[in-house]
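Please work through the following exercises with the sequence and the model at hand. Each task is followed by a solution in steps.

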Amino acid sequence: MTNDTMITVQQTARPTGFPTPAHFAFVESPVPSPEPGTALVENLQWSVDPYHREAMDGDELWTLNSPMEGRTLGRVLDSRAPALRPGDLVLHRKGWRTHALVEPGGTRPVPDFGPGVPLAAHLSLLGGTGLSAYVGLTRIARLQPGEDLFVSAAAGGVGTAAGRLARLLGAGRLVGSAGSAGKVAHLTERVGFDAAFDYHEGPVAELLSRAAPEGIDAALDGVGGAHLEAAIASLREHGRIAWVGAVGQYHSPSAPPPAPRNLFDLVGKSIRLEGFLVRNHTDALEELYDLAVPQLRSGALPLDVTVVEGFEHIVDAFLGMLRGENLGKMLVAA
């Protein structure tokens, strides 16, 4: 790639089951010049997220043979919009490409929080990933100090953020599920979980019951299926579940796993189950900053990120994230 060449990643076909590199194409074109009211941004970091797999199945976010959408951090190179100046660092959603034309209304300036807050934080703990965890814990599950929490897919981006933030919020016992012994060790030895289990080792409900023998007060679930059923089984009366995703069924939308067999226990135990979209809670971002930024600055709050170097590896990073090859948030850096 030369300085006057832009590369975009485009989806070329709808997958059946797990996607492959054959579903994507890297397309070269000249770097565009900004029109009045727009700015040219060189993208520096890209987020690849579980919801992107769901986006592959329809036209709502990703249209075939067109540039794809995703959270991105970049630097303004050229501008014909007074609100965007060359050199400005901005967050926007025109990802999966090396350059983008943006309008001020479609960008957000990257806050300068000073030393201790790396750029990667803005696409992980301080971005949509961390905001999903924060909103799920505080607004949906309404976690109170001392309450016990279960987090499914706890070694991923949202899961690790939830563990870190739950500790700051004063949670009691933290229990997580993950997909390997190494991830379980990461959760208990580094992230601050009191207990964790590899969900491959048996029925999830039994594993959770052993890890939280006295039950739980709240759950943040991003898997669905057996994990959601296990959470319902372990919840005490008046428990709350924040449902942030269902990665367990993303590869088979036409044949999702069965609904929890104990769904009626929501009634018997007065449990509240609520799904949410983080885009409806962007007003909570300043709350997240107030909680997390001082801890990042002091070094008390580490980032859980897996960074893949090189835009040319963005598809590999995405597929690796879907296979669970990341610890924490999966990012791609130029």
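The exercises below concern a predicted model and treat aromatic pairs, a cavity and several buried elements.

**Exercise 1. Classify the ring pair F24 and F318, and state which parts of the chain the pair links.**

Solution. A pair of aromatic rings is described by the distance of the centres and the angle of the planes. For F24 and F318, the centres are 6.1 Å apart and the planes make an angle of 85 degrees. Because planes over 60 degrees apart count as edge-to-face, the pair of F24 and F318 is assigned to that class. Next, locate the two residues: F24 belongs to strand β2 (residues 24-30), and F318 belongs to helix α9 (residues 314-322). The pair thus links distant parts of the chain, with the two positions 294 residues apart. Both F24 and F318 are buried. Finally, consider the surroundings: F24 and F318 join W62 and W96 in one aromatic cluster.

**Exercise 2. Repeat the analysis for F113 and Y289.**

Solution. The centre-to-centre distance is 5.0 Å and the planes lie at 75 degrees, an edge-to-face arrangement. F113 is found in the loop between β7 (108-109) and α2 (128-140), whereas Y289 is in helix α8 (residues 285-298). This pair also links distant parts of the chain, at a separation of 176 residues. F113 and Y289 are both buried. For the model, the count of aromatic pairs comes to nine.

**Exercise 3. Decide whether Q45 is buried or exposed, and list the contacts of this residue.**

Solution. First, place Q45: the residue is in strand β3 (residues 39-47). Second, compare the relative accessible area of Q45, 15%, with the cut-off of under 20% for a buried residue. Q45 is therefore classed as buried. Third, set aside residues up to four places away in sequence; Q45 then touches R71, T72, L73, L119, A120, L123, V332 and A333.

**Exercise 4. Describe the largest cavity by volume and lining.**

Solution. Rolling a probe the size of a water molecule over the atoms shows where empty space is left. The search gives one cavity of 30 Å³ or more. The largest cavity holds about 80 Å³ of space. Its lining residues include S124, L125, T129, R164, D304 and K329. Sorted by character, the lining has five nonpolar, four polar and three charged residues. Helix α3 (residues 157-168) contributes the most to this lining, with four residues.

**Exercise 5. Determine how strand β9 is covered and with which strand β9 pairs.**

Solution. Start with coverage: in strand β9 (residues 174-178), five of the five residues are buried. Then sort the residues by direction: L174, G176 and A178 point one way, V175 and S177 the other way, and all are buried. Lastly, examine the pairing: β9 is parallel to strand β8 (residues 149-151), and three bridges connect them. One bridge partner in β9 is V175, which is matched with F150.

**Exercise 6. State how many residues of helix α6 are buried, and examine S234.**

Solution. Helix α6 (residues 225-234) is mostly covered, as eight of its ten residues are buried. Among them are G225, H227, E229 and S234. S234, located in helix α6, has a relative accessible area of 10% and is therefore buried. Leaving out neighbours within four places in sequence, the contacts of S234 are L208, S209, G215, I216 and K269.

Definitions and conventions
Residues numbered from 1 in each chain as written. Predicted model: local features only at pLDDT ≥ 70, side-chain atom pairs only at ≥ 80, totals over all residues. Heavy atoms only, no water. Phe/Tyr/Trp six-rings, centres within 6.5 Å; stacked < 30°, edge-to-face > 60°. Buried < 20%, exposed > 50% of the residue type's maximum accessible area, 1.4 Å probe, protein only. Contact = heavy atoms within 4.5 Å. 1 Å grid on protein atoms, 1.4 Å probe; cavity = no way out; pocket = protein on both sides within 12 Å on 5 of 7 lines; lining within 4 Å. Points joined across faces, edges and corners; volume = space filled by probe spheres on them. Nonpolar A, V, L, I, M, F, W, Y, C, P; charged D, E, K, R; others polar. Pairing = 2+ DSSP bridges.
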